[in-house]
Amino acid sequence: MTGLMNFLRNLLYKLGIGSPPEEETAVMPSQVPERTQPRMGKIDREVVFAMKDGYMVLMVDHQFDGVPSWIEWDAERKTVSFTQMGGDMDEMNADIKVEYIDALIDTKKVLLVSNDNANKIVHFVPFIARK
Amino acid sequence: MVVVYNTNTPDMDTVNALAAHAIAQADKAGITQQSEPDSEATHIGSFEFEGGSLFAKAPEASAAPSHKFDGPKL
């Protein structure tokens with residue numbers, strides 16, 4: 001239908017009885033906000049690894065901006081990476097006693113306790129260990 | 001009983017309390033030791049906590065002595 005209207009409008013213009021055909025409207029740039037790169041932050045806090053009643057509980061005195069989705073511990077770098085939904089990642093320190101390294105290698109899930117304003121918040125998170 | 005894996009020793013009262021709270025929240029959410037986490041929905045609960053910090057803060061450097069050393073008396 002639009003094609004027919006344009007044809008008729010062009011025809012009338014050429015006959016001298018119509019208005020000039022409309023310019024094609026310029027394509028406006030998308031209003032969708034630009035995608036930002038995931039943030040990577042180093043936080044100078046130590047993560048506590050505590051085993052209680054068969055649960056591995058990680059504790060940090062820190063409030064995450066996002067929701068933790070998985071945690072990775074790197075034994076060589078002595079760091080713990082908290083990847084959050086959306087891709088942001090925070091790294092913190094953790095120096096683990098040698099006798100517990102093998103136990104951590106076998107750990108696949110942890111309870112994470114972190115700050116939530118004045119309260120504490122608990123997440124049940126997949127865990128990966130790298131020796 | 002809580003076993004801490006870190007080489008640095010945290011405040012054990014705080015660690016004990018936080019671990020107990022975390023496990024209580026897991027129980028409340030129906031999580032057992034056989035449960036598998038869902039990385040898309042990891043939040044299981046919250047609780048109030050008025051305990052202390054995990055690690056004692058490093059002592060601040062002491063102020064410089066007010067007494068001025070005048071050098072040896074001749």
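These exercises work through a predicted model of two chains, A and B.

**Exercise 1. Find how many helices and strands each chain has, and give their order**.

Step 1. Start with chain A. It has 2 helices and 8 strands.

Step 2. Read chain A from the N terminus. The order is α-β-β-β-β-β-β-α-β-β.

Step 3. Turn to chain B. It has 1 helix and 2 strands.

Step 4. Read chain B from the N terminus. The order is β-α-β.

**Exercise 2. State what share of each chain is buried, and what share of its contacts joins residues at least 24 apart**.

Step 1. Take burial in chain A. Of its 131 residues, 24% count as buried.

Step 2. Do the same for chain B. Here 22% of the 74 residues are buried.

Step 3. Now take contacts between residues at least 6 apart in sequence. In chain A, 45% of these join residues at least 24 apart.

Step 4. In chain B, the corresponding share is 58%.

**Exercise 3. Trace the pairing of strand β6 of chain A with β1(A) and β5(A)**.

Step 1. Locate the strands. β1(A) covers residues 40–46 and β6(A) covers residues 89–93. β5(A) covers residues 79–84.

Step 2. Pair β1(A) with β6(A). They run parallel, over 4 bridges. Glu46(A) stands opposite Asn93(A) of β6(A).

Step 3. Pair β5(A) with β6(A). These run antiparallel and are joined by 5 bridges. Phe82(A) has Asp90(A) in β6(A) as its bridge partner.

Step 4. Look at the turn. β5(A) and β6(A) form a hairpin with 4 residues between the strands. In this hairpin, Gly86(A) takes a positive phi near 100°.

**Exercise 4. Describe the contact between chain A and chain B**.

Step 1. Count residues on each side. Chain A gives 34 residues and chain B gives 32 residues.

Step 2. Ask which strands of chain A take part. β2 (48–52), β3 (55–59), β4 (68–74), β7 (109–116) and β8 (119–130) each supply at least two residues to the side that touches chain B.

Step 3. Find the main supplier. β8(A) gives the largest share of that side, 8 residues.

Step 4. Sort the chain A side by class. It has 21 nonpolar, 4 polar and 9 charged residues.

Step 5. Look for pairing across the chains. β8(A) pairs with β2 of chain B, residues 43–48, in the antiparallel sense over 5 bridges. Asn119(A) has Glu48(B) in β2(B) as its bridge partner.

**Exercise 5. Decide whether Lys120(A) is buried or exposed, and list what it touches**.

Step 1. Place the residue. Lys120(A) lies in strand β8 of chain A.

Step 2. Count neighbours. Lys120(A) has 22 other C-beta atoms within 10 Å. The cut-off for buried is 20 or more. Lys120(A) is therefore buried.

Step 3. List the contacts, leaving out residues up to four places away in sequence. In chain A, Lys120(A) touches Val113(A) and Asn115(A). In chain B, Lys120(A) touches Leu18(B), His21(B), Ser46(B), Phe47(B) and Phe49(B).

Step 4. Set sequence beside space. Lys120(A) and Ile96(A) are 24 residues apart in sequence. Their C-alpha atoms are 24 Å apart.

**Exercise 6. Report the confidence scores**.

Step 1. Take chain B. Its average pLDDT is 86, and 77% of the residues score at least 70.

Step 2. Take the whole model. It scores ipTM 0.78 and pTM 0.75.

Step 3. Apply a caution. Where pLDDT is low, the predicted coordinates should not be read in detail.

Methods:
Residues are numbered from 1 along each chain as its sequence is written. Chains are lettered from A and ligands numbered from 1 in the order in which they are written. This is a predicted model: local features need pLDDT of at least 70, side-chain atom pairs count only at pLDDT 80 or more; totals for chains, interfaces and linings use all residues. A residue is buried if 20 or more other C-beta atoms lie within 10 Å of its own, exposed if 12 or fewer, and partly exposed in between; C-beta atoms are placed from the backbone. Two residues are in contact if their C-beta atoms, placed from the backbone, lie within 7 Å. Ala, Val, Leu, Ile, Met, Phe, Trp, Tyr, Cys and Pro count as nonpolar, Asp, Glu, Lys and Arg as charged, and the others, Gly among them, as polar. Two strands pair if DSSP finds at least two bridges between them. pLDDT is the predictor's confidence in each residue, from 0 to 100.
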